[in-house]
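Hi,

Here is the structure I promised to pass on to you. Have a look at it first, and then read on for what turned up in it.

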Amino acid sequence: MSDQQPDEQQRDERSREEGSRRERSELASERSERPVASEPPKRSEGAREPTGAAIRVSQPPDARELPRFAGPGTFARLPRLDEVERAAVAVLGVPFDAGTTYRPGARFGPEAIRAGSKLLRPYHLGLEIEPWAALQVADAGDVSANPFDIVEAVGQIQTAATALYDKADRIVTLGGDHTVALPLLRAAHARHGPVALVHFDAHLDTWDTYFGASYTHGTPFRRASEEGLLDRTGCLHAGIRGPLYADSDLAEDTDLGFQVISAPDVEQLGVAGMVERIQQRVGDRPVYVSVDIDVLDPAHAPGTGTPEAGGLSSRELLAALRSFSRLNLIGADIVEVAPAYDHAQITGIAAAHAGYELLSALAARKAAP
Ligand SMILES: [Mn+2]
């Protein structure tokens, strides 16, 4: 791009804009043919361009014109990836739960998180940013992962994430059980090299095998560390609690490159202390954030596969994620939402807000001078 003449570049940009405007109006006319809609959902486009800034992004419909319980089923009612040319961040669903060891059901996680995300509004109070205006975020839909063959599913997820990097700079994934983090980390590693990992979870997920199986939702980070995907000097877990199999679990976890901020530690340190420890550990490294929703207390996230009492509040988790606008965040996932055990969308809404914090942190980092 850089060897293009400026006027050539402008021409390209103009024709791209015209092309996507045409596509959008085609889509709008498709929508207007639906008998239930009196008018097509309006996306607010380039609403904040008083200075003629080059950023032209397609945003969710305005909830004051199209009620939030109506409209697209994408995350936060954002455009689909195929409605925009490319995205700064793609939201990817991975409906897969064949790696669970207890309650199944996280295959319905992506749709539960998307449903919970309909409530999200465009302005982030704490970060003072409109993430959908600052970045083009789009929903890339769901990966097709074989529910009968974990090894094949892991390969399919890795292939899909790798291909998605052709159309998006960052990926925020909605799981799925925690097995999905391994192929996502492989794809992230191929792009960024070894990454620091900030892992929110009740459980270590660095066990070796279950019933002889290497790929499960309790083993992704041992595999990731063994495969060299992680920078072993920059990884940590936060929110760990509950009984372990043996004290050797912790010793092996340390050898794999992890530090632990336990749930009782969070109580002692407070959110500010937890955030400080995370920042000290990861520094300027490229960092991948993996959020197992069971890091939250079952009171804050009942809809999950392996709940543990004594967890974080959603307020504590969201505050920590919000602070990651100060990190070099390269990707993230939110996993283990199993809506069959949820009540009143408590878990789906918490997970949707976790996604909003991560996307806003990415936007705030980008928007910072
Ligand atoms: Mn987990």
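Before the details, one term: two strands pair if DSSP finds at least two bridges between them. By that rule, β3 and β5 pair in the parallel sense, over 7 bridges. Helices and strands here are DSSP runs, numbered from the N terminus, with helices (H or I) of at least four residues and strands (E) of at least two.

Please keep in mind that this is a predicted model, in which local features need pLDDT of at least 70, side-chain atom pairs count only at pLDDT 80 or more, and totals for chains, interfaces and linings use all residues. Residues are numbered from 1 along each chain as its sequence is written.

The overall picture

The protein chain has 10 helices and 10 strands. Of its 369 residues, 50% count as buried. Here a residue is buried if 20 or more other C-beta atoms lie within 10 Å of its own, exposed if 12 or fewer do, and partly exposed in between, with C-beta atoms placed from the backbone. Two residues are in contact if their C-beta atoms, again placed from the backbone, lie within 7 Å. Among the contacts in the protein chain with a separation of 6 or more, 77% are between residues 24 or more positions apart.

The sheet

Strands of a sheet pair through backbone hydrogen bonds, either parallel or antiparallel. In this model, 8 strands form an open sheet with parallel pairing, in the order β4-β3-β5-β10-β9-β6-β7-β8. The edges are taken by β4 (137-142) and β8 (258-262), each with a single partner strand, so one side of each has no neighbour in the sheet. From one strand to the next, the twist averages 20 degrees.

A good strand to start with is β5, where 7 of the 8 residues are buried. Where it pairs with β3, V89 stands opposite R170 in β5. Strand β5 (residues 168-175) also pairs in the parallel sense with β10 (residues 328-335), over 4 bridges. On that side, I171 has G331 in β10 as its bridge partner, and T173 stands opposite D333 in β10.

Further along the order you will come to β7 (residues 235-240), with 6 of its 6 residues buried. Strands β6 and β7 run parallel and are joined by 3 bridges. There, V198 stands opposite L236 in β7.

Helices across the sheet

For the angles that follow, axes are lines fitted to C-alpha atoms, for helices over the stretch in contact, and angles run from 0 to 180 degrees between N-to-C directions. Helix α2 (residues 109-116) lies across β3 (87-94), β4, β5 and β10, and runs at about 105 degrees to β5. Helix α10 (residues 346-367) lies across β3, β4, β5, β9 (286-292) and β10, at about 170 degrees to β10.

What surrounds α9?

Helix α9 (residues 314-322) has these buried residues: S314, E316, L317, A320, L321 and R322. Their cover includes β6 (196-200), α8 (263-282) and α10.

Take α10 first. It packs with α9 at an angle of about 15 degrees, with the axes 8 Å apart. That makes α9 roughly parallel to α10, a label for angles under 35 degrees (over 145 is roughly antiparallel, 65 to 115 roughly perpendicular and the rest oblique). In this contact, S314, L317, L318, L321 and R322 of α9 meet A350, H353, A354, E357, L358 and A361 of α10. By class, there are 7 nonpolar, 2 polar and 2 charged residues. In that scheme Ala, Val, Leu, Ile, Met, Phe, Trp, Tyr, Cys and Pro are nonpolar, Asp, Glu, Lys and Arg are charged, and the others, Gly among them, are polar.

Now α8, which packs with α9 at about 30 degrees, with the axes 8 Å apart. The two are therefore roughly parallel to each other. V266, V271, M274 and V275 of α8 make this contact with E316, A319 and A320 of α9. These residues divide into 6 nonpolar, no polar and 1 charged.

One residue to look up

Finally, find I157 in helix α4 (residues 150-164). I157 is buried, with 27 other C-beta atoms within 10 Å. Leaving out residues up to four places away in sequence, I157 touches V94, V143, A145, V180, P183 and L184. The C-alpha atoms of I157 and L182 are separated by 9.2 Å, and these residues are 25 apart along the chain.

Enjoy exploring!
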